[in-house]
Amino acid sequence: MAVQIDAGRFEETFEEYSAIGATERGGLHRLTLTDADRDVRDLFVEDLEKLDLDVRIDELGNIFGRREGTDPDAAPVLIGSHLDSQPYGGRFDGQLGVLCALETLRAFEDADLETERPVEIVNWTNEEGSRFEHAMLGSAVWAGVTDLEEALALTDDEGTTVREALERTGYDGDAACEAGDVHSYLELHIEQGPYLEADGISVGVVEGSYGMAWLEATISGETDHAGPTPMHSRSDAMAAAADAINRIHSLPNRLSDDSVATVGRMAVGPGSINVIPDTVTFTIDVRSYDDEIVAEAIENVEFEIDTACRRWDTEYDLEQLWRISHTEFSETVRSAGLAGAEAAGVSYREIVSGAGHDANYVNRVTDAGMLFVPSVDGKTHIESELTEWDDAVAGAKAYAATVEELANE
Ligand SMILES: [Zn+2]
């Protein structure tokens, strides 16, 4: 029989953590390495110490707690997620995964369960990338994808560096931020999409996640007066941008069923009501499970911008800000996840992730995998983000069983 979690304790802990950085409308505002994030980290470390775990903080502020196994030489199973949130985000994104991992270790203690492998819990720094613009930063450096010095030098809007924020909060640890020998990694997360809820299923065993690219386009035209300048003699950067963006939104329809395109940020210069804009900068996020579709989408984005700029007598510059290929999670962790969900007696199915998670970077250096629980209406990154508590408990049960499975591999 699989190890038993304590659903009541799990919920109490979830409420306790959710109070730190809570917003008036039931959400969470806990940006990386702010006071709220420091407070929740302090509570987390305290909880790890209560479990007699060997706690260490690495150079990027990632927090680890190690529970020994019976084989001292065996590589550990790593479990966890992130405690930082989006600005005025939800309580479930990231936090639920960390607390599932914590409840798993508590349940192991309750049962005096010995595992062959050590199990290490982790809270990754700056997963959201909303204060310091590099999503999944802690796991990226840990996995060797991003350089440590580069990460420490990143700044927020006020010019504060990651290094300064770590020092200020006391989370500038000594442990090396590097993977070392790890057997596997398991992360539970909310789905953030509508599919599990639509199927009435509690747990998704994640096959892999979408490839994605972030681009930034800058369109340059000429300012002029909004009145006397006739339409035919304008070089209007906004007209070109609007034209291109409209077509970018219809790209996924032509490319594939699963592809998506988003223009989420825009700046207009000079930004005056009666002046024709000479600069429009906007971002484009394109995703698909198929990397070739992402490549095709990038080409098409450039084509649409180029065409719109010709039409409106403007020029453009297109820059790729970030790109990640699609991830196929480890077969070992996927089958452990299926076995864990089965052992826990919950409803489950396989699923693909449209969002990136720490597990994506971790998967580059070890066998990684994820479990999803449903998001009500598929909504996320908003204060009303919700996972029905029964589903969260089902997820925690499947999670604990899967960790047990992996730790005895
Ligand atoms: Zn997350």
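A crossing of two helices is called right-handed if the near helix is turned clockwise from the far one by less than a right angle, and left-handed if it is turned anticlockwise. Keep that in your pocket for the first exercise, and remember that you are looking at a predicted model.

**Exercise 1. Work out how α1 and α12 sit against each other, including the hand of their crossing.**

Step 1: Find the helices. Look for α1 at residues 7-18 and for α12 at residues 389-407.

Step 2: Get the geometry. The axes of α1 and α12 come within 11 Å, and the crossing angle is roughly 115°.

Step 3: Name the arrangement. Angles of 65 to 115 degrees count as roughly perpendicular, so α1 and α12 are roughly perpendicular to each other.

Step 4: Add the hand. Using the definition above, α1 passes α12 in a right-handed crossing.

**Exercise 2. Bring in α3 and describe how it packs with α1 and with α12.**

Step 1: Start with α1. Helix α3 covers residues 95-110, and it packs with α1 at about 140°, the axes being 10 Å apart.

Step 2: Classify that pair. It takes an angle over 145 to count as roughly antiparallel, so α1 and α3 are oblique to each other. Their crossing is right-handed.

Step 3: Turn to α12. Here the axes of α3 and α12 come within 9 Å and cross at roughly 55°.

Step 4: Classify this pair too. α3 and α12 are therefore oblique, and they cross with a right hand.

**Exercise 3. Explore the largest pocket: how much space does it hold, and what lines it?**

Step 1: Think about the method. Rolling a probe the size of a water molecule over the atoms shows where empty space is left.

Step 2: Read off the volume. The largest pocket holds about 1300 Å³.

Step 3: Find the elements. Those giving two or more residues to the lining are β7 (211-220), β8 (260-262), β10 (279-288), β11 (315-324) and β13 (348-353).

Step 4: Look at the middle. Among the 43 lining residues, Trp214, Asp285, Arg287, Ala355 and His381 lie nearest the centre.

Step 5: Sort by class. The lining has 15 nonpolar, 17 polar and 11 charged residues.

Step 6: Check the domains. Domain 1 (7-209 + 327-407) and domain 2 (211-324) each give at least three residues to this lining.

**Exercise 4. Do the same for the second largest pocket.**

Step 1: Volume again. This one has about 190 Å³ of space.

Step 2: Pick out the lining. You should find Leu31, Pro87, Ser130, Arg131, Asp156, Asp157, Glu158 and Thr160.

Step 3: Sort them. That gives two nonpolar, two polar and four charged residues.

**Exercise 5. Find the largest cavity and say what surrounds it.**

Step 1: Check the space. The largest cavity has about 30 Å³, and one cavity of 30 Å³ or more is counted.

Step 2: Locate its walls. Helices α8 (237-255) and α9 (291-311), together with strands β8 and β10, each supply at least two lining residues.

Step 3: Name some residues. The lining includes Leu251, Leu255, Val286, Arg287 and Ile293.

Step 4: Sort by class. Nine of the lining residues are nonpolar, one is polar and one is charged.

**Exercise 6. Hunt for two backbone oddities, at Leu33 and Pro270.**

Step 1: Know the usual pattern. Most residues other than glycine have a negative phi, and most peptide bonds are trans.

Step 2: Go to the loop between α1 and α2 (35-50), where Leu33 is found. Phi of Leu33 is near 60°, a positive value.

Step 3: Go to the loop between β9 (266-269) and β10, the place of Pro270. The peptide bond from Gly269 to Pro270 is cis, with omega near -5°.

Definitions and conventions. Residues numbered from 1 in each chain as written. Predicted model: local features only at pLDDT ≥ 70, side-chain atom pairs only at ≥ 80, totals over all residues. Heavy atoms only, no water. 1 Å grid on protein atoms, 1.4 Å probe; cavity = no way out; pocket = protein on both sides within 12 Å on 5 of 7 lines; lining within 4 Å. Points joined across faces, edges and corners; volume = space filled by probe spheres on them. Helix = DSSP H or I, 4+ residues; strand = E, 2+ residues; numbered from the N terminus. Nonpolar A, V, L, I, M, F, W, Y, C, P; charged D, E, K, R; others polar. Domains from an automatic or database assignment. Axes fitted to C-alpha atoms, helices over the stretch in contact; angles between N-to-C directions. Parallel < 35°, antiparallel > 145°, perpendicular 65-115°, else oblique.
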